[in-house]
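Student: I have the sequence and the structure open. Could we go through it together, one question at a time?

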Amino acid sequence: MRMYDIIDKKKYKKKISDEEISFVVKGYTKGIIPDYQMAAFLMAVWCNGMDEEETLSLTMAMAHSGDMLDLSMIPGTKVDKHSTGGVGDKTTLSVGPIIASLGIPMAKMSGRGLGHTGGTIDKLDSIPGFSSDISDERFIEIVKTVGFCDASQTRDLAPADKKIYALRDVTATVDDYSLIASSIMSKKIASGADAILLDVKCGNGAFMQDRSSAIKLAECMMNIGKLAKRQVNCIITDMNEPLGNTVGNSIEVIEAIDLLKYGFDSDKVDKRYSEIVLYVCREMVLMSDIFKNEKYKDMTEEERVSLAEKLVRETVDKGCALEKMKEFIAAEGGDSNVVENEDLLPKAKYIYEVTFDRDGYLDKVDTKEVGMASLMLGAGRLKKEDDIDPAAGIKLFKHLGDKVKKGERFALLYTNKEETIKEAEDRLLKAYEVSNEAGSSKNVIIDILRQN
Ligand code: URA
């Protein structure tokens, strides 16, 4: 087999076989196929696409390129969730304890933040003592005993994807449905879960800018799931503004805990955030073993959905999810007292109030820019090697559609680097459009797609 012939085939829109795709992925991962040939191949894929079979072959070849986590020692259906990334997305931090408190095992591998998007592991690492770098044995043990574990992707999971993604990043070949879907799904399949809920973000803070492209990506990933015998459902959610009231690390942990403490309908919790958490949990419960019980077999879909939502609400209202949060933090070495006392989390030296210089309504926001302003304060990283400041970030007091008044508090900036404040403030204010007419906020849940 020659790489040249495979590139040539794709260039002329011919179908490439499972063996050929496996040859490409293995050869590139081992360093036998050089970057220039792989770059040409990726561009041919970008131009001419891949069909379902080719996309599945690429996914499975990447998934099997490194370690495959075996979760079979944990009884029952293991559920996982994944978000395609956004600004202020702390959903996993509330979802994990809720799901585990319902007796559903959730085994999750999360990543760190890069660029304008945050990463769950960075948020968790802001808890004193917390360590997400744990062995497979300990990971499985925590899922078995606590019900939820979130570990960093330090394992050699889908190394082919890591290498191919880095090349896509510099060859303008990231934005292709088959390539994105196979990249995400290869990591999910290697992580071992049986049922996966994908939160596909859509809007100016996300990869997919509009509903139809988000649905196309979601369908592509669901199809891979079906062929790979994993249950995959998707929710499409809005990312045309940051999610919730906080963007950062320790301040996002506090917001996630507040939802478990005060409940879905509390005024202390952002409505859009609580809605996403409720829907994600509800969908995960629907995929779990709970509904495989005989007693539910004659229920209509509507009845199942309503029962799943009731269970999610109850476990939060009874305080079970909050207790589970403490157990989860302690199991990964963290100080679980942070749940009752947020002052134990890292605190920023400087807290700066941001106001607008005019009255009006928040009409639009460049979500990525809010993420970049938070990054400048120290909450994110431009390069993988950069350090982050767990206390840095932005707390927002207004959302799209809200009225703002001249001089009224709009946001607080948190940082330990005083010199970053001015530029972050400018960037944040410029990100927003203020209009004279009252607007409205968009629905946060756009669509729900379930595998048949
Ligand atoms: N996230 C991934 O993991 N891969 C992509 O290609 C895009 C988003």
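Student: Happy to start with the rings. How many aromatic pairs does a search of the whole structure find?
Tutor: Good place to begin, and keep in mind that this is a predicted model. Two rings count as a pair if their centres lie within 6.5 Å. Searching the whole structure on that basis, the number of aromatic pairs is six.

Student: How is the pair of Phe 291 and Tyr 296 classed?
Tutor: The ring centres are 5.2 Å apart, with 45° between the planes. Planes under 30 degrees apart would be stacked and those over 60 edge-to-face, so an angle between these limits leaves the remaining class. The pair of Phe 291 and Tyr 296 is tilted.

Student: Is Phe 291 buried or exposed?
Tutor: The cut-off for buried is under 20% relative accessible area. Tyr 296, its partner, meets this at 16%. Phe 291 has 5% relative accessibility, so Phe 291 counts as buried.

Student: And what class is the pair of Phe 356 and Tyr 432?
Tutor: Here the centres of the two rings are 6.4 Å apart. Their planes make an angle of 80°, so the pair is edge-to-face.

Student: How many residues apart in sequence are the parts that Phe 356 and Tyr 432 tie together?
Tutor: Phe 356 is in the loop between strands S7 (350-355) and S8 (360-365), while Tyr 432 belongs to strand S12 (residues 432-435). Both rings are buried, Phe 356 at 7% relative accessibility and Tyr 432 at 8%. The pair therefore joins parts whose separation in sequence is 76 residues.

Student: Which lysine has its charged end over the ring of Tyr 273?
Tutor: Two such contacts are worth a look. Lys 268 lies over the face of Tyr 262, 4.3 Å from the ring centre. Over the ring of Tyr 273, at 5.6 Å from its centre, sits the charged end of Lys 90.

Student: Let's turn to the sheet with S6. Which strands are at its edges?
Tutor: This open sheet has four strands in the order S6-S9-S11-S7, paired antiparallel. An edge strand pairs on one side only, and that applies to strand S6 (246-248) and S7.

Student: Which residue in S9 stands opposite Val 247?
Tutor: S6 and strand S9 (residues 393-396) run antiparallel and are joined by three bridges. Opposite Val 247 in S9 stands Ile 394.

Student: Which helix lies across S6, S9 and S11?
Tutor: Two helices are worth comparing here. Helix H16 (residues 421-431) packs on the sheet and touches S7, S9 and S11, with its direction at about 145° to that of S11. The helix across S6, S9 and strand S11 (409-415) runs at about 130° to S9, and is H15 (residues 367-379).

Student: How far apart are the end C-alpha atoms of H8?
Tutor: Helix H8 (residues 159-170) has 12 residues, and at 1.5 Å a residue the expected span is 16 Å. The distance in the model agrees with this: 18 Å.

Student: Which residues of S3 point the other way from Phe 148, Asp 150 and Ser 152?
Tutor: In a regular strand the side chains alternate between the two faces of the sheet. In strand S3 (residues 148-152), five of its five residues are buried. Phe 148, Asp 150 and Ser 152 point one way, and the other way point Cys 149 and Ala 151.

Student: Finally, what is the bridge partner of Ala 107 in S3?
Tutor: Strand S2 (residues 106-110) runs parallel to S3, joined by five bridges. In S3, the bridge partner of Ala 107 is Cys 149.

Terms used. Residues are numbered from 1 along each chain as its sequence is written. This is a predicted model: local features need pLDDT of at least 70, side-chain atom pairs count only at pLDDT 80 or more; totals for chains, interfaces and linings use all residues. Side-chain values use heavy atoms; hydrogens and water are left out. Buried means under 20% relative accessible area, exposed over 50%, partly exposed in between (1.4 Å probe, protein chains only). Helices (H or I, at least four residues) and strands (E, at least two) are DSSP runs, numbered from the N terminus. A charge sits over a ring if NZ of Lys or CZ of Arg is within 6 Å of the ring centre and within 35 degrees of the ring normal. Two strands pair if DSSP finds at least two bridges between them. Contact means heavy atoms within 4.5 Å. Axes are lines fitted to C-alpha atoms, for helices over the stretch in contact, and angles run from 0 to 180 degrees between N-to-C directions. The expected span of a helix is 1.5 Å times one less than its number of residues.
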